[in-house]
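Thanks for sharing this one. Here are my notes, in numbered points, for you to read alongside the model.

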Amino acid sequence: MRALKNLGRLLRELWTFARENKAWWIVPVVVLLLLIALFLVGVSGISPFIYSLF
């Protein structure tokens, strides 16, 4: 639970930084990194079951 709280704080801080410094290029980079992380976590949870099929 603490990790999610820290992640929320980090994302809020990045959003504030992008807004104040007009660094809008950082928003798609962060979103892309979060999507890749979610994909890797999802695949790592499913991979033992896929491996057993072959």
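1. A word on terms to begin with: a helix here is a DSSP run of H or I with at least four residues, and helices are numbered from the N terminus. Please also keep in mind that this is a predicted model.

2. Let's start with α1. Helix α1 covers residues 2-21. Its 20 residues reach 28 Å from the first C-alpha to the last, close to the 28 Å expected at 1.5 Å a residue.

3. Next, α2. This helix takes in residues 26-53, which makes 28 residues. At 1.5 Å a residue α2 should span 40 Å, and its end C-alpha atoms are indeed 40 Å apart, so the two values agree. Do look at S47, though: α2 has a kink of about 45° there, shortly before the proline P48.

4. How do α1 and α2 run relative to each other? Their axes come within 10 Å and cross at roughly 160°. Angles over 145 degrees count as roughly antiparallel, and α1 and α2 are therefore roughly antiparallel to each other.

5. Which residues make the contact between these helices? From α1 come L11, L14, W15, F17 and A18, while α2 supplies I26, V27, V30 and L34. Sorted by class, the contact of α1 with α2 has 9 nonpolar residues, with no polar and no charged ones.

6. A18 deserves a closer look on the α1 side. This residue lies in helix α1. Is A18 buried or exposed? Its relative accessibility is 0%, and buried means under 20%, so A18 counts as buried. Leaving aside neighbours within four places in sequence, A18 is in contact with A23, W24, I26 and V27.

7. On the α2 side, I26 is a good residue to inspect. I26 lies in helix α2, and its relative accessible area of 15% makes it buried. Not counting residues up to four places away in sequence, I26 touches L14, F17 and A18. For another distance to check on screen, the C-alpha atoms of I26 and R12 are separated by 13 Å, with the two residues 14 apart along the chain.

8. Finally, the connection. K22 is found in the loop between α1 and α2, just after α1. What is notable about its backbone? K22 has a positive phi of about 55° although it is not a glycine. Exposed means over 50% relative accessible area; K22 has 65%, so this residue is exposed, whereas A18 is buried.

Key. Residues numbered from 1 in each chain as written. Predicted model: local features only at pLDDT ≥ 70, side-chain atom pairs only at ≥ 80, totals over all residues. Heavy atoms only, no water. Helix = DSSP H or I, 4+ residues; strand = E, 2+ residues; numbered from the N terminus. Expected span 1.5 Å × (residues − 1). Bend = angle between axes of the 7 residues up to and from the residue. Axes fitted to C-alpha atoms, helices over the stretch in contact; angles between N-to-C directions. Parallel < 35°, antiparallel > 145°, perpendicular 65-115°, else oblique. Contact = heavy atoms within 4.5 Å. Nonpolar A, V, L, I, M, F, W, Y, C, P; charged D, E, K, R; others polar. Buried < 20%, exposed > 50% of the residue type's maximum accessible area, 1.4 Å probe, protein only.
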